[in-house]
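Reader: Could you take me through one part of this model in detail? I would like a close look at a single pocket, and then at whatever surrounds it.

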Amino acid sequence: MFSQEVYLKALAYASKAHGEQKTPKGHPYVVHITSVAMEVIHACEKSGLDEEKSNLAIVCALLHDTIEDTDITYDHLYTHFSPEVADGVEALSKNKNLKTKKEQMQDSLEKLMNQPYEVQMVKLADRITNLSKPPKHWNNEKKKNYLGEAKFILSCLKNSNIHLSVRLEEKIKEYEEFMD
Ligand SMILES: [Mn+2]
């Protein structure tokens, strides 16, 4: 089980932070973060995680793109939520000072592997959510890279939660159908 109040606080905070941002499909950004949180909640309930662990996973899911995509800082999360939440969201963020996407992904996964399973679960849920049908303008190369990344994420973080890793594995199989 998890706390509805904790969920609502994180949702209000994140939706304000993302403001007018849209997903690549043109939805308000809150659709993305609540989709990721939904995957995490489903897994928490299926795995019978306790309230503290569930709250950490769910809050990190709702906040997972704030440091990367908005003005929200690590310190702000530390003060308004907790050190665990701030560390979790930081690990879920790309370090944009690193030159290539590959380095950024590698760095984020290294940080995540030192985080609790509840934080790692968010990365699986994020990729599950993002592995829907690719936009028409993506070429095969881009789709191949995205799929390769997903497989790498799964191989690094699969121990964090069995339900999410099985679901990501299924999504990867489905995505292979979109290749030309
Ligand atoms: Mn995301």
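Author: The second largest pocket has a volume of about 290 Å³, and please keep in mind that the model is predicted. Its lining is made up of 14 residues, and E52, N55, L56, S82 and V85 are the ones nearest its centre. Three helices each give two or more residues to this lining: α1 (4-18), α3 and α6 (83-91). The largest share comes from α3, with 5 residues. Sorted by class, the lining of the second largest pocket holds 6 nonpolar, 2 polar and 6 charged residues.

Let us start with S82, one of the residues nearest the centre of this pocket. S82 sits in the loop between α5 and α6. Is S82 buried or exposed? With a relative accessibility of 17%, S82 counts as buried, because the limit for that class is under 20%. A polar atom of the S82 side chain lies 3.1 Å from the backbone nitrogen of V85. V85 is also among the residues nearest the centre of the second largest pocket, so this short link joins two residues that are both named there.

V85 takes us into α6, where V85, A86, G88, V89 and A91 are buried. What do the buried residues of α6 pack against? Their partners are α3, α4, α5 (74-80), α7 and α8. Among these, α3 is the helix that gives 5 residues to the lining of the second largest pocket.

Going on along the chain, K94 is found in the loop between α6 and α7. K94 counts as partly exposed, at 33% relative accessibility. Leaving out residues up to four places away in sequence, K94 touches E68 and Q104. As a point of reference, K94 and S155 are 61 residues apart in sequence, and their C-alpha atoms are 19 Å apart in space.

A look at T34 in helix α2 is also useful. T34 is partly exposed, with a relative accessibility of 24%. Apart from neighbours within four places in sequence, T34 is in contact with Y7, L11 and L62. For one of these, L11, the C-alpha to C-alpha distance to T34 is 8.0 Å, although 23 residues separate the two in sequence.

Now for the largest pocket, which has a volume of about 1,400 Å³. It is lined by 44 residues, and those nearest its centre are P24, R127, N130, W138 and Y146. Two or more lining residues come from each of α2 (29-47), α4, α7 (101-113), α8, α9 (140-157) and α10 (162-176). Which element gives the most to this lining? That is α8, with 7 residues. The lining of the largest pocket divides into 14 nonpolar, 14 polar and 16 charged residues.

R127 deserves a closer look here, as one of the residues nearest the centre of the largest pocket. It belongs to helix α8. Although R127 is named among the pocket's central residues, R127 counts as buried, at 6% relative accessibility. Its side chain makes a polar contact of 2.9 Å with the side chain of E149. Beyond residues up to four places away in sequence, R127 touches M105, Y146, E149, A150, I153 and L168. One of these, Y146, is itself among the residues nearest the centre of the largest pocket.

Helix α8 also brings us to the metal. Which residues coordinate the manganese ion? H32 (NE2), H64 (NE2), D65 (OD) and D126 (OD) do so, at 2.2 to 2.4 Å. Along the chain, these donors follow the spacing H-x31-H-D-x60-D. The pair H64 and D126 links distant parts of the chain: H64 lies in the loop between α3 (51-63) and α4 (66-69), whereas D126 lies in helix α8 (residues 117-130), 62 residues apart. H64 is buried, at 1% relative accessibility, and D126 is buried too, with a relative accessible area of 10%.

Taken together, α8 is a good place to rest your eye. It holds D126, a donor of the manganese ion, and R127, with its polar contact to E149. It also gives the most residues to the lining of the largest pocket, and it is among the helices against which the buried residues of α6 pack.

Definitions and conventions. Residues numbered from 1 in each chain as written. Predicted model: local features only at pLDDT ≥ 70, side-chain atom pairs only at ≥ 80, totals over all residues. Heavy atoms only, no water. Donors = N, O, S within 2.8 Å, 3.2 Å for Na, K, Ca; no water. Helix = DSSP H or I, 4+ residues; strand = E, 2+ residues; numbered from the N terminus. Buried < 20%, exposed > 50% of the residue type's maximum accessible area, 1.4 Å probe, protein only. 1 Å grid on protein atoms, 1.4 Å probe; cavity = no way out; pocket = protein on both sides within 12 Å on 5 of 7 lines; lining within 4 Å. Points joined across faces, edges and corners; volume = space filled by probe spheres on them. Nonpolar A, V, L, I, M, F, W, Y, C, P; charged D, E, K, R; others polar. Polar contact = N/O pair within 3.5 Å; in protein donor to acceptor, adjacent residues only side chain to side chain. Contact = heavy atoms within 4.5 Å.
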